[in-house]
Amino acid sequence: MSITAYRRRASERPGLRVLAGRFARAALVLAFSAGATLAQAAGAPAAGSPAAGFPDRAVQIILSFPPGGATDVLARELGKELNQTLGQSVVIVNRPGAGGLIGMQAGARAEPDGYTLYISSVMSNSINEAINGKAQVSLDGDFDAVGAIASAPHILVTPTKLGIPDYAGLVQYLKQAPGKYNYASMGAGTLSNLEGEIFKEQAGVDALQIPYKGSSQAIPEVIEGSSAFMFDSVASTLPHKQAGRLLVLGVASQKRLPAMPEVPTLKELGVQGLDAENLFALMAPRGTPPDRIAVLRRALEATKANADFRRAIEAQGFQASEIAADALPGFILDQQAFWLTKVRALNVTAGK
């Protein structure tokens with residue numbers, strides 16, 4: 001079942017609003033779950049069904065960002081494990097640009113046969129939609145949910161060469177020359193962008209966003225000092241922290257990270273609204289046969305349960321997601337509502 005069908009079924013129930021709150025969403029998830037159960041029945045696909053013999057050729061996974069970033073690291077670990085589970089090659093296709101929309105459109109417009117999938121950065125997609133609307137493609141309208149893969153908090157980094165010692169030092173540095181300094185992001189309308197705007201609002205500082213096409217393009221510029229700070233993934237920045245090129249000032253999560261327990265959360269530092277961890281989810285073009293989605297879903301769950309896979313992604317700052325597949329559509333709708341509120345409150349636009 002697509003997320004659009006999930007939304008439509010929920011809207012037909014008297015007194016329920018899809019985005020009315022957690023209680024309403026929980027009720028809708030139950031409705032979705034009841035419909036999804038048949039599509040996820042255990043056992044081999046029936047003869048003659050779309051999933052019989054599926055997959056019998058290579059599967060490709062589309063990303064919205066270039067090689068070297070957090071999503072790319074996660075995708076390649078996922079692809080390696082799915083290769084073993086599905087018994088077919090899994091090819092990673094990087095399609096960066098337009099704040100993630102180029103890759104997202106490619107995923108949505110692919111043949112809905114289960115052979116082309118898309119890894120969604122749910123929060124980034126929700127933010128981009130909150131800023132630009134649903135004119136081109138939407139996560140809830142153009143995809144069917146396969147399942148949640150993993151989550152990863154972003155971290156606040158600054159170039160070591162600037163000599164900024166800690167979070168308070170960065171705030172002081174920016175306040176000495178309002179509007180003079182830049183901050184880097186993974187692209188306008190991404191989670192990295194909005195985190196920078198929330199930080200500016202919370203800290204009372206001014207800095208100009210410099211958007212790049214993904215983390216791998218932004219980080220070298222930050223290291224050189226052309227930008228004073230950036231919110232980025234652990235996977236992309238940890239090697240540079242270890243090499244002494246970047247200093248990590250805070251973690252945008254509810255808890256400190258085992259990989260860097262000495263780094264405080266931004267909430268500990270007094271910054272509110274930046275304790276959300278970016279969820280990566282595996283999606284299929286809308287209309288993909290439900291029994292093929294069931295095959296992919298079982299393969300994904302088997303991968304997440306694999307100890308080697310978990311260790312590999314945890315070393316990069318990820319945690320295998322515990323969000324159930326049938327709860328993913330509701331989570332996506334909640335994120336859309338949350339970030340729409342944030343975007344409006346901060347008056348963030350496509351050009352900001």
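**Exercise 1. How many helices and strands does the secondary structure of the protein chain come to?**

Solution. Keep in mind that you are looking at a predicted model. Going through the secondary structure of the protein chain, you should arrive at 13 helices and eleven strands.

**Exercise 2. Is G169 buried or exposed, and why?**

Solution. Step one: find the residue, which sits in helix α7, spanning residues 167–175. Step two: look up its relative accessible area, which is 14%. Step three: compare this with the cut-off, since buried means under 20%. G169 is therefore buried, because its relative accessible area is 14%. For context, 56% of the 352 residues in the protein chain count as buried.

**Exercise 3. What distance separates the C-alpha atoms of G169 and L249?**

Solution. Start with the sequence: G169 and L249 lie 80 residues apart along the chain. Now turn to the 3D structure, where their C-alpha atoms are separated by 9.6 Å.

**Exercise 4. Which strands pair with β6, and in what sense?**

Solution. Let's take the partners one by one. Strand β6 (residues 182–185) pairs with strand β7 (residues 208–211) in the parallel sense, over four bridges. Between these two, the chain passes through helix α8 (residues 191–203), and this β-α-β crossover is right-handed. Strand β8 (residues 229–233) also pairs with β6 in the parallel sense, over two bridges.

**Exercise 5. Which residues does A184 stand opposite in β7 and in β8?**

Solution. Look along β7 and you will find I210 opposite A184. Then look along β8, where M230 stands opposite A184.

Technical notes
Residues are numbered from 1 along each chain as its sequence is written. This is a predicted model: local features need pLDDT of at least 70, side-chain atom pairs count only at pLDDT 80 or more; totals for chains, interfaces and linings use all residues. Side-chain values use heavy atoms; hydrogens and water are left out. Buried means under 20% relative accessible area, exposed over 50%, partly exposed in between (1.4 Å probe, protein chains only). Two strands pair if DSSP finds at least two bridges between them. A crossover is right-handed if, with the strands pointing away from the viewer, the path from the first strand over the helix to the second runs clockwise.
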